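These are my notebook entries on what I looked up, one topic at a time.

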Amino acid sequence: MRIIYNMENKITVMEKPHKAEQVEKILNPTVKKWFFSRFKKFSLPQLYGVMEIHKRKNILVSAPTGATKTLTGFLSILNELVDSAEKGVLEDKIYCVYISPLKALNNDISKNLKEPLAEIEKISGKELGIRVAVRTGDTTQTEKSKMLKKPPHILITTPESLSIVLSSPKFRDHLKKVDWCIIDEIHALAENKRGTHLSLSLERLDYLSGHMCRIGLSATVAPLDEVAGFLVGPKRDCEIVDVQFIKQLDLQVMSPVDNLIDADHGILHYKMYELIDKLIQEHKTTLIFTNTRAATERVVDHLKNKFPKKYSDNIGAHHGSLGKRLRLQIENKLRNGELKAVVCSTSLELGIDIGYVDLVICLGSPKSVARFLQRSGRAGHQLHEKVKGRIIVMDRDDLVECAVLLKSAVEKKIDKLHIPTGALDVLAQQIAGMAIEQVWEEKELYKIIKQSYCYKNLTKKDFNEILDYLSGKFVDLEDRHVYARIWRKEGKIGKRGRLARVIYMMNSGTIPDESFITVKIGDQTIGKLDEAFLEKMKPGDVFVLGGDTYMFRFSRGMVAQVQASSNRPPTVPRWVSEMLPLSFDLALEIGKSRRFIFEKFNSKKKKEAILGWLNKYLYVDAKAAKAIYSYFREQHDYAKQIPNDKMILIEHFNDDKEKKIIFHSLFGRRVNDCLSRAVAYVISRNEHKDVEIGISDNGFYLSGDKKVNAMKAFKLLKSDKLDLLMQLAIDKSEVFKRRFRHCAGRALMILRNYMGKKKNVGRQQVSSMILMNALKRISNDFSILKETRREVLSDLMDIENTKKVLKGIENGSIRVVEIDTRIPTPFAFNLAIQGYADIMKIEDKHEFLKRMHQNVMAKIGLNKNADKELLEQYKKEPKDYDEIFDEMEEKEH
């Protein structure tokens with residue numbers, strides 16, 4: 001299926017791909033001979049895309065991993081280069097710029113282009129001289145000099161390096177006649193500020209080259225028309241090749257035990273590793289995805305220890321915290337077929353060539369349909385192979401979530417990508433870069449910027465505010481070492497200062513410097529914390545470090561001051577900064593499934609009928625259907641309510657020891673972050689009380705008693721006033737302080753590198769705090785302050801979908817119901833225990849959940865299953881878990 005996207009947003013569906021004979025006809029004889037010596041026939045993406053690229057039409061190819069996207073993008077280009085080389089008309093210029101988000105992917109592409117070109121030369125019988133070169137931050141000065149003398153015909157680069165070469169006076173001459181630009185893994189760029197930065201670099205490249213054909217290559221993504229818009233901007237046509245589901249899917253949700261809530265933790269843990277081992281042994285190479293880096297290391301360690309005869313040098317870990325050498329070592333071993341299994345976090349999601357993988361296992365929910373399809377697509381990397389993915393779940397919430405996720409994947413319901421728009425910090429940086437190139441008329445500059453999808457709605461006011469800042473209008477900022485980057489006169493702008501180019505090149509890009517926070521009590525150092533973890537905290541929050549609990553007081557630069565807090569449970573779990581958020585679209589699908597089940601219970605349907613419906617509706621087996629039925633039946637019988645997409649349940653939990661107000665708002669972590677801060681802010685202003693917050697994908701809690709009027713505070717939230725309220729709620733928060741530093745760095749207000757010296761993150765943070773106060777004295781609506789608020793509320797949180805939830809409450813389509821409980825409802829178990837999770841051993845946590853479950857069962861008069869013989873023995877004589885494993889293995893053998 002092909003779709004045309006243009007400035008009127010009209011979409012035309014084109015039904016048929018080109019015929020193979022038509023594609024064959026455009027191929028040079030040498031290229032044709034090479035192609036059919038390697039492949040039997042054209043793939044579906046090639047039948048759709050090759051002719052269109054040959055005609056210089058903009059195109060977005062969306063296909064699963066291993067569906068020949070890259071060759072589809074390059075075949076027409078290689079064809080024309082070979083044709084020109086054989087005719088002796090190949091020029092010394094860059095014909096094609098290939099951009100990808102990963103340096104490792106660039107090296108893969110270079111290798112995968114040079115090999116076919118060598119084979120084509122062999123068939124041709126003469127030296128063609130087609131040059132391919134990689135330009136990234138790792139490229140040596142010698143290699144850069146070679147490229148200047150003899151430019152590559154295909155330049156492989158990253159978004160950051162592209163913006164630098166566009167401002168390099170000698171190299172940019174080679175970019176004046178670029179014919180094609182390929183953006184690989186475009187879905188991974190579009191969703192963050194690297195993509196925003198790239199969208200302006202593409203406009204700069206287009207302006208320089210006159211007109212170029214844009215080719216976007218993407219894995220499974222939605223909505224396709226918006227990704228196409230991101231690729232080409234609002235005023236150009238683009239064809240979309242949508243072959244996202246051309247491969248057969250073999251996907252399954254698996255549970256290690258029949259009963260996830262009553263099983264002893266030791267057995268659950270053992271059975272999970274037994275299941276992982278069984279799956280690995282049944283396949284040649286398995287890729288295992290976890291959701292955190294710590295879990296990645298833990299899984300490798302456990303597999304090696306539990307099965308020492310099976311796993312030693314044939315298993316490895318791969319994640320972003322590992323050094324480059326170790327990562328490359330694992331990637332090469334995978335390619336060479338030396339590894340039986342690799343465990344990773346998110347580092348192998350993108351299309352690096354890792355050789356043959358025939359199974360992907362996800363431990364826990366991937367939190368998004370698109371992410372699950374991208375991960376599972378790493379198995380069966382070849383075009384005609386089946387995509388084989390398994391999700392192993394460890395609790396009942398995960399079981400429900402993954403069952404709905406699987407249903408959405410099978411039914412092709414892909415969650416929508418969030419594309420940041422109007423980022424003023426990136427705009428400031430790119431204008432500084434453009435001023436280095438030439439003197440610009442302001443009108444022309446504004447017109448070029450507006451051609452980017454990310455800036456199509458840029459107002460003249462915001463544009464002028466950025467020019468005012470860059471041209472040094474605010475002289476008071478010079479006291480804070482913020483100097484003019486451009487001159488501005490009579491409707492024109494240009495570069496200012498001899499160091500303008502050096503400053504831009506040393507500080508361009510959008511990825512902020514990250515570091516660790518030193519935790520102190522006075523002058524005594526306690527330990528270190530991840531900076532992203534501190535973002536989530538506010539004064540009064542309690543966390544665990546080194547097994548002890550501390551209360552956060554305040555931060556200065558990269559130091560957090562705390563005090564010991566032995567009498568309060570943690571309010572912020574340690575893993576919160578690493579957790580992937582549940583997508584809003586998938587959250588709504590889970591909420592819808594909950595509502596359907598609630599309606600069936602209320603209509604007094606028999607158990608067998610509901611089990612049969614669950615079996616068909618969620619594509620789960622009888623065991624999973626029974627587990628889901630039991631979970632929902634317990635919630636329904638105990639609370640008489642099942643929170644869903646049309647009903648938010650506010651649960652006042654009070655067991656004399658602890659009081660929590662639990663909001664069952666299943667809208668994903670980003671929406672719940674926004675909602676919880678808004679409710680807490682209203683309570684703190686109206687009732688003059690500080691409240692603790694805990695959030696998850698399924699809801700959030702406030703710690704407080706019945707005197708805290710949560711319902712009143714919730715009802716006071718209005719969708720049309722949410723922007724203002726949230727600005728007030730975040731303005732003094734840690735997350736605002738940290739994100740301001742990032743934005744100020746991108747806008748070249750704080751220089752990370754200057755005069756050959758690197759400014760450490762601590763000094764950057766201190767500078768940013770002083771600078772933030774200076775900007776607030778000029779205007780609380782200063783462009784970079786405004787951008788920081790936009791980033792926090794729209795990119796980190798999800799204020800737009802939060803408004804949709806509030807509108808639903810206002811128009812009555814979403815009900816809000818209150819209940820009181822002395823034992824948390826089954827759906828509240830994980831939120832109720834969240835604060836304690838860091839100070840309890842995992843087995844104690846599991847026992848605690850079991851006990852709460854037994855109390856609920858007793859309350860609703862259902863009998864729990866009898867404990868197994870081994871567990872009874874373990875309760876009488878507590879043993880080390882390794883002993884239990886040994887006993888169980890002996891029993892099985």
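I began with the contacts of Leu175 in this predicted model. Leaving aside its neighbours within four places in sequence, I found Leu175 in contact with Ile94, Val97, Val165, Leu166, Leu205, Leu208 and Ser209. Leu175 sits in the loop between α7 (159-166) and β7 (180-183), and I noted that Val165, one of its contacts, is 10 residues away in sequence and 9.0 Å away in space, C-alpha to C-alpha. Is Leu175 buried or exposed? Its relative accessible area is 0%, and because buried means under 20%, I entered Leu175 as buried.

Next I turned to a residue in another loop. Met755 lies between β28 (753-754) and β29 (757-758), and its relative accessibility is 60%, so I entered Met755 as exposed, the cut-off for that word being over 50%. I then looked up its surroundings on the surface, where Met755 forms a nonpolar patch with Leu499, Val502, Met506 and Tyr754; together these residues have about 490 Å² of accessible area.

My last entry concerns a sheet. Three strands form an open sheet in the order β16-β18-β17, with antiparallel pairing. Why do β16 (440-441) and β17 (486-489) each have one side without a neighbour in the sheet? Both stand at the edges and have a single partner strand each, so one side of each is left free of a neighbour there. Between β16 and β18 (residues 492-495) I found 2 bridges in the antiparallel sense, and the bridge partner of Trp440 in β18 is Ile493. Helix α18 (residues 460-470) packs on this sheet, where it touches β17 and β18, and the direction of α18 makes about 120° with that of β17.

Methods. Residues numbered from 1 in each chain as written. Predicted model: local features only at pLDDT ≥ 70, side-chain atom pairs only at ≥ 80, totals over all residues. Heavy atoms only, no water. Patch = residues over 30% accessible without salt bridge, like charges linked within 9 Å, V, L, I, M, F, W, Y side chains within 5 Å. Areas by Shrake-Rupley, 256 points an atom, 1.4 Å probe, with all protein chains shown as cover. Salt bridge = Lys/Arg side-chain N within 4 Å of Asp/Glu carboxyl O. Helix = DSSP H or I, 4+ residues; strand = E, 2+ residues; numbered from the N terminus. Buried < 20%, exposed > 50% of the residue type's maximum accessible area, 1.4 Å probe, protein only. Pairing = 2+ DSSP bridges. Contact = heavy atoms within 4.5 Å. Axes fitted to C-alpha atoms, helices over the stretch in contact; angles between N-to-C directions.
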